[in-house]
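Subject: Structure for your review

Dear colleague,

Please find below the structure that I am handing over to you. My findings follow it, arranged by topic.

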Amino acid sequence: MSQIQPGIKNTKSVAVTIENSALAMGSGTLRVFATPAMIALIEGCCAESVADMLGEGLTTVGTNIDAAHVAASPLGASILCKSVLTEVDGRKLSFEAEVYDSKELIGKAKHTRFIVDAEKFLNKTYAKLNQ
């Protein structure tokens, strides 16, 4: 994990489809790229940027996102997320991301993830069901 250092960059892209539209995701009534889909794209882009550097059994979980969705993108548009790891504080990873369609910046975010042991995390999470 010592290779996880600020400056790590990643990109991830998706096409705007009816499935990730505001109408389909229940976040609005229009056939445009949904804010929840943009959030998922940002989280995925950030998570993927460090995934190959984690030790066996480790993963990251998102804990905070401060995002602005500033422009709409229609069905068929190509969406590109660019992320950069800005800070590492123990298990806490801080990212900044920007999201573009072919015309303009459509969103930006600050996102926090934590490195966790996947098995321990799931055991703790599912133990709540038995309480």
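**The strands and their pairing**

Strand 4 and strand 5 form a hairpin, with 4 residues between them. Please bear in mind that this is a predicted model. The two strands of the hairpin pair in the antiparallel sense over 9 bridges. Within this pairing, Phe95 stands opposite His111 in strand 5.

The hairpin belongs to an open sheet of 5 strands, in which the order is 1-3-4-5-2 and the pairing is antiparallel. Strand 1 and strand 2 stand at the edges, where each has a single partner strand, so one side of each is left without a neighbour in the sheet. On average, neighbouring strands of this sheet are turned by 25° against each other, with direction ignored. As general background, strands of a sheet pair through backbone hydrogen bonds, either parallel or antiparallel.

Two further pairings may be followed in the model. Strand 3 and strand 4 run antiparallel and are joined by 9 bridges; here Cys81 has Val99 in strand 4 as its bridge partner. Strand 2 and strand 5 also run antiparallel, joined by 11 bridges, and His69 stands opposite Gly107 in strand 5.

**The chain as a whole**

The chain has 3 helices and 5 strands. Read from the N terminus on, its elements run β-α-α-β-β-β-β-α. The C-alpha trace spans about 40 × 40 × 20 Å along its principal axes. Of the 131 residues in the chain, 34% are buried. Among the contacts with a separation of 6 or more, 64% are between residues 24 or more positions apart.

**Helix 2 and the nonpolar core**

The largest nonpolar core has 26 residues, of which Ile4, Phe33, Ile42, Ile79 and Val99 touch the most other members. Helix 2 (35-51), strand 3 (78-89), strand 4 (92-100) and strand 5 (105-117) each supply at least two residues of this core. Which element gives the most to this core? Helix 2 does, with 7 residues. In soluble globular proteins, nonpolar side chains tend to be buried together.

The length of helix 2 can be checked by a short calculation. At 1.5 Å a residue, the 17 residues of helix 2 should span 24 Å, and the end C-alpha atoms of the helix are indeed 24 Å apart, which agrees. The buried residues of helix 2 include Ala37, Leu41, Ile42, Gly44, Cys45, Ala47 and Val50. The buried residues of this helix pack against strand 1 (9-15), helix 1 (22-25), strand 2 (58-69), strand 3, strand 4 and strand 5. Ile42 offers a detailed example: leaving aside neighbours within four places in sequence, Ile42 is in contact with Ile65, Cys81, Ala97, Val99 and Ala109.

**Three residues to look at**

Lys12 lies in strand 1. Is Lys12 buried, partly exposed or exposed? Its relative accessible area is 26%, and Lys12 is therefore partly exposed, since buried means under 20% and exposed means over 50%. The side chain of Lys12 makes a polar contact with the side chain of Glu48 at 2.8 Å. Not counting residues up to four places away in sequence, Lys12 also touches Leu41, Gly44, Cys45, Ile79, Leu80 and Cys81, among others. Lys12 and Ser83 are 71 residues apart in sequence, and their C-alpha atoms are 8.7 Å apart in space.

Thr60 lies in strand 2 and is buried, with a relative accessible area of 8%. The side chain of Thr60 makes a polar contact with the side chain of Arg113 at 2.8 Å. Leaving aside neighbours within four places in sequence, the residues in contact with Thr60 include Ala47, Val50, Leu54, Leu93, Phe114 and Ile115.

Thr112 has its place in strand 5. At 13% relative accessibility, Thr112 counts as buried. Residues up to four places away in sequence not counted, Thr112 touches Val61, Gly62, Thr63, Asn64, Lys92 and Leu93.

**The last helix**

Helix 3 (residues 118-127) lies across strand 2 and strand 5, and runs at about 90° to strand 5.

Yours sincerely,

A colleague

How values were computed:
Residues numbered from 1 in each chain as written. Predicted model: local features only at pLDDT ≥ 70, side-chain atom pairs only at ≥ 80, totals over all residues. Heavy atoms only, no water. Core = buried A, V, L, I, M, F, W, Y, C linked by side-chain atoms within 4.5 Å. Buried < 20%, exposed > 50% of the residue type's maximum accessible area, 1.4 Å probe, protein only. Contact = heavy atoms within 4.5 Å. Expected span 1.5 Å × (residues − 1). Polar contact = N/O pair within 3.5 Å; in protein donor to acceptor, adjacent residues only side chain to side chain. Pairing = 2+ DSSP bridges. Axes fitted to C-alpha atoms, helices over the stretch in contact; angles between N-to-C directions.
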